[in-house]
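Notebook open, structure on screen. I want to go through confidence, then the metal site, then the aromatic rings.

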Amino acid sequence: MVDKLSKEKRSLLMGRIRRADTTPELAVRRLLTLLGYRYRIHFEGVSGRPDIAFPRKRKAIFVHGCFWHYHQGCPSGRIPKSRTKFWLTKFEKNRARDRRQIRELRQHSWSSLVVWECEVDKEDLSKKLIRFLGLPRSTG
Ligand SMILES: [Zn+2]
């Protein structure tokens, strides 16, 4: 699908996804609020600047677009057929940054959860969030 996008559309898409409040991230935040969690967004208090942070729990959630973060095994995590080398380099850079963020957080005793874009609409996501965070309104 993605390979068929024109260059123009692709850069439009890139601009949209580059912005902080991507749609999948908003969806996850909405779900967290619904479940009764309170969180901080784009938290500067720890290295890695997690998308969604729970400072008292020392937990972070990253919401990753399947295309940009090259979700392996996912239909959206594919390498476009044109400019393959360019995309491979780009994806590898993104993935390296993801790993670095998680590693830096771990060094500060934070644990991280990655939520993929393709998981956002699944019922299991609530369970996954609760499993990671503990029951809502416990230690905030
Ligand atoms: Zn995916």
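**Confidence.** I checked where the chain scores worst and best: the lowest confidence is in helix α1 (residues 7-18), with a mean pLDDT of 56, and the highest is in strand β2 (residues 52-54), at 97. This is a predicted model, so I looked at the overall score as well. The chain averages a pLDDT of 86, and 81% of the residues score at least 70.

**Zinc site.** Which residues coordinate the zinc ion? I found Cys66 (SG), His71 (ND1), Cys74 (SG) and Cys118 (SG), at 2.1 to 2.4 Å. I then wrote down their spacing in sequence, which reads C-x4-H-x2-C-x43-C.

Next I looked up the geometry. The four donor atoms subtend angles of 104 to 114° around the zinc ion, which makes the arrangement tetrahedral. The cut-off I leaned on is that all angles must lie between 85 and 135 degrees. For reference, the ideal angle for four tetrahedral donors is 109.5 degrees. I also checked burial for two of the donors: His71 and Cys74 are both buried.

**Aromatic rings.** How many aromatic pairs are there? My count comes to 10. I took Phe67 and Trp68 to begin with: their ring centres are 4.9 Å apart and their planes sit at 80°, so this pair is edge-to-face. Are these two residues buried or exposed? Phe67 has a relative accessible area of 7%, so I put it down as buried. Trp68 comes out at 6% relative accessibility and also counts as buried.

Then I turned to Tyr70 and Phe91. Their ring centres are 5.4 Å apart with the planes at 5°, so I logged this pair as stacked. Tyr70 lies in the loop between β3 (59-64) and α3 (84-107), while Phe91 is in helix α3, so the pair ties together parts that are 21 residues apart in sequence. Tyr70 and Phe91 are both buried.

Following the ring pairs further, I got a cluster that links Phe67, Trp68, Tyr70, Phe86, Trp87 and Phe91.

**Charges over rings.** Last lookup of the day. The charged end of Arg83 sits over the ring of Phe86, 4.2 Å from its centre; Phe86 is one of the residues in the cluster I had just listed. I noted another case at Lys59, which lies over the face of Phe132 at 5.3 Å from the ring centre.

Notes
Residues are numbered from 1 along each chain as its sequence is written. This is a predicted model: local features need pLDDT of at least 70, side-chain atom pairs count only at pLDDT 80 or more; totals for chains, interfaces and linings use all residues. Side-chain values use heavy atoms; hydrogens and water are left out. pLDDT is the predictor's confidence in each residue, from 0 to 100. Helices (H or I, at least four residues) and strands (E, at least two) are DSSP runs, numbered from the N terminus. Donors are N, O and S atoms within 2.8 Å of the metal (3.2 Å for Na, K and Ca); water is not among the atoms, so sites may look incomplete. Four donors count as tetrahedral if all angles lie between 85 and 135 degrees; four count as square planar and six as octahedral if opposite donors are over 155 degrees apart and all others between 65 and 115; anything else is irregular. Buried means under 20% relative accessible area, exposed over 50%, partly exposed in between (1.4 Å probe, protein chains only). Rings of Phe, Tyr and Trp (its six-membered ring) pair if their centres lie within 6.5 Å; planes under 30 degrees apart count as stacked, over 60 as edge-to-face and the rest as tilted. A charge sits over a ring if NZ of Lys or CZ of Arg is within 6 Å of the ring centre and within 35 degrees of the ring normal.
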